[in-house]
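Work through these exercises with the structure open beside you. Try each task before you read its solution.

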Amino acid sequence: MSQRLVRIVTQLLCVTAAALFLRATGTQTGVLAILALALLLIFCAVQLSDFFRQRARLQELESILDGLDQKYLFAECIPAPREPYERRLFALTRQASRAMTGAVSDAQASQREYREYVEQWVHEIKTPITAARLICRELDGTACRKLTGELARIEDHVERALFYARAESPERDCVIRQTDLEEIVAQAVGNHRTLLIQSGIRVEMEGLGRFVYTDGKWAAFLLGQLLQNAARYRSEDPVITISARSFGKQVQLTVQDNGIGIPAHELPRVFDRGFTGSNGRARGGSTGMGLYLCRKLAGFLELGLDIASHDGAGTTVTLTFPARENLTKL
């Protein structure tokens, strides 16, 4: 806009100087008035034509950009420029866009290779874990229990690594369908049975005979992370209560423990990546990835995820499973 204003002022000054020159050479006032009026009309017509042409061009480009899912492909999708300056400008823009597109493609390929490597590594590492479990059977009771507990912890970390890799492109592995909520909870509890028994935790279940729309495997993993947290931050007589209730067409699953709780000032940060908190640092073994993954997976599964806690008085996590008609990925 400032460049246009400078150009208009310059043109007006030139016209004024020409009029003064003609007046000084004896040109009649009436002739000058006619010339000034004609020049003014031509000037306004040119300016209005330039304005509407540029506005239409910008609207066309904005419409193309709004219609693109991948905005960085904008330079490849625009129609051929009409003016030499615009052609040169868009040629430079296209070069920069192609360089960025190449960088994005390389990053996506690298991410895909990493994900595939992690998945392959997880499947391979399960073989020696299974072998170690078989060896445990030949040991005495105390050593067997301790080693079994450590193997369970290794499996938990391995499983978390697998889901962390899958979370980068969840649509490839996640299938949302009607699932028995009781089966999801039973799978999660079964996967962490060793940890719960060794931690002396009693699990109580209420009202789980319901059906929800989700991916059972992913939901069981998410619930398992909550069970691990409850076991890690347990109290003297630990109890975990898992209950469900209908909320309109939605279903709310609540996981409540009577553990040590979370300080109020740390509660807003518990879903941050890598955040361990004062309890995690005091007890050790916390990675700060469990609840971060829960939030990430819940977002893809379209689950509501809320947490409430009081320091020294336990923690309550609520998962809200959406109604079928509200799902966008079904």
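Buried means under 20% relative accessible area, exposed means over 50%, and partly exposed lies in between. Keep in mind that this is a predicted model.

**Exercise 1. Salt bridges**

Task: Find how many salt bridges the whole structure has, then say whether R269 and D272 are buried, partly exposed or exposed.

Solution:
- Step 1. The search of the whole structure gives four salt bridges.
- Step 2. R269 and D272 form one of them, with the closest N and O atoms 3.9 Å apart. The cut-off is 4 Å, so this pair counts.
- Step 3. R269 has 45% relative accessibility, so R269 is partly exposed.
- Step 4. D272 has 35%, so D272 is partly exposed too.
- Step 5. Another pair is R202 with E204, at 3.2 Å from N to O. R202 is partly exposed at 41%. E204 is partly exposed at 29%.

Side chains of opposite charge can pair when their charged atoms come close.

**Exercise 2. A pair within one helix**

Task: Work out how D50 and R53 are placed in helix α2.

Solution:
- Step 1. The two residues are three apart in helix α2, which means about one helical turn separates them.
- Step 2. Their side chains meet in a salt bridge of 2.5 Å, N to O.
- Step 3. Now compare the relative accessible areas. D50 has 16%, so D50 is buried. R53 has 40%, so R53 is partly exposed.

**Exercise 3. A nonpolar patch**

Task: Name the residues that make the nonpolar surface patch of about 340 Å².

Solution:
- Step 1. The patch is made by F21, L22, V31 and L35.
- Step 2. The elements giving two or more residues to the patch are α1 (2-24) and α2 (29-66).
- Step 3. Take V31 as an example. V31 sits in helix α2. Its relative accessible area is 38%, so V31 is partly exposed.
- Step 4. Patch residues need over 30% relative accessible area, so V31 passes that test.

**Exercise 4. Two cores**

Task: Find which element gives the largest share of the largest nonpolar core.

Solution:
- Step 1. The largest nonpolar core has 47 residues, and L226 and L253 have the most contacts inside it.
- Step 2. Elements that each supply at least two residues include α6 (181-191), α8 (216-232), β4 (239-247) and α10 (290-301).
- Step 3. The largest share comes from α8, with 10 residues.
- Step 4. Leave out residues up to four places away in sequence. L226 then touches V255, L291, C294, V317 and L319.
- Step 5. Another core of six residues lies apart from the largest one, and I129, V158, L162 and A165 are among its members.
- Step 6. L162 lies in helix α5 (residues 141-166). L162 is buried, at 3%.
- Step 7. Beyond its neighbours within four places, L162 contacts V118, E119 and V122.
- Step 8. L162 and R245 are 83 residues apart along the chain, and their C-alpha atoms are 31 Å apart.

**Exercise 5. Cysteines and a loop residue**

Task: Decide whether C44 and C294 are buried or partly exposed, and find where S199 lies.

Solution:
- Step 1. C44 has 36% relative accessibility, so C44 is partly exposed.
- Step 2. C294 has 1%, so C294 is buried.
- Step 3. The whole structure has zero disulfides.
- Step 4. S199 lies in the loop between α7 (193-198) and β2 (202-206). S199 is buried, at 12%.
- Step 5. Beyond its neighbours within four places, S199 contacts A231, R234 and P238.

Note on methods. Residues are numbered from 1 along each chain as its sequence is written. This is a predicted model: local features need pLDDT of at least 70, side-chain atom pairs count only at pLDDT 80 or more; totals for chains, interfaces and linings use all residues. Side-chain values use heavy atoms; hydrogens and water are left out. A disulfide is a pair of cysteine sulfur atoms within 2.5 Å. Buried means under 20% relative accessible area, exposed over 50%, partly exposed in between (1.4 Å probe, protein chains only). Patches are made of residues with over 30% relative accessible area and no salt bridge: like charges are joined within 9 Å, nonpolar side chains (Val, Leu, Ile, Met, Phe, Trp, Tyr) within 5 Å. Accessible areas come from the Shrake-Rupley method with a 1.4 Å probe; for residues, only the protein chains shown count as cover. Helices (H or I, at least four residues) and strands (E, at least two) are DSSP runs, numbered from the N terminus. A nonpolar core is a set of buried Ala, Val, Leu, Ile, Met, Phe, Trp, Tyr and Cys residues joined through side-chain atoms within 4.5 Å. Contact means heavy atoms within 4.5 Å.
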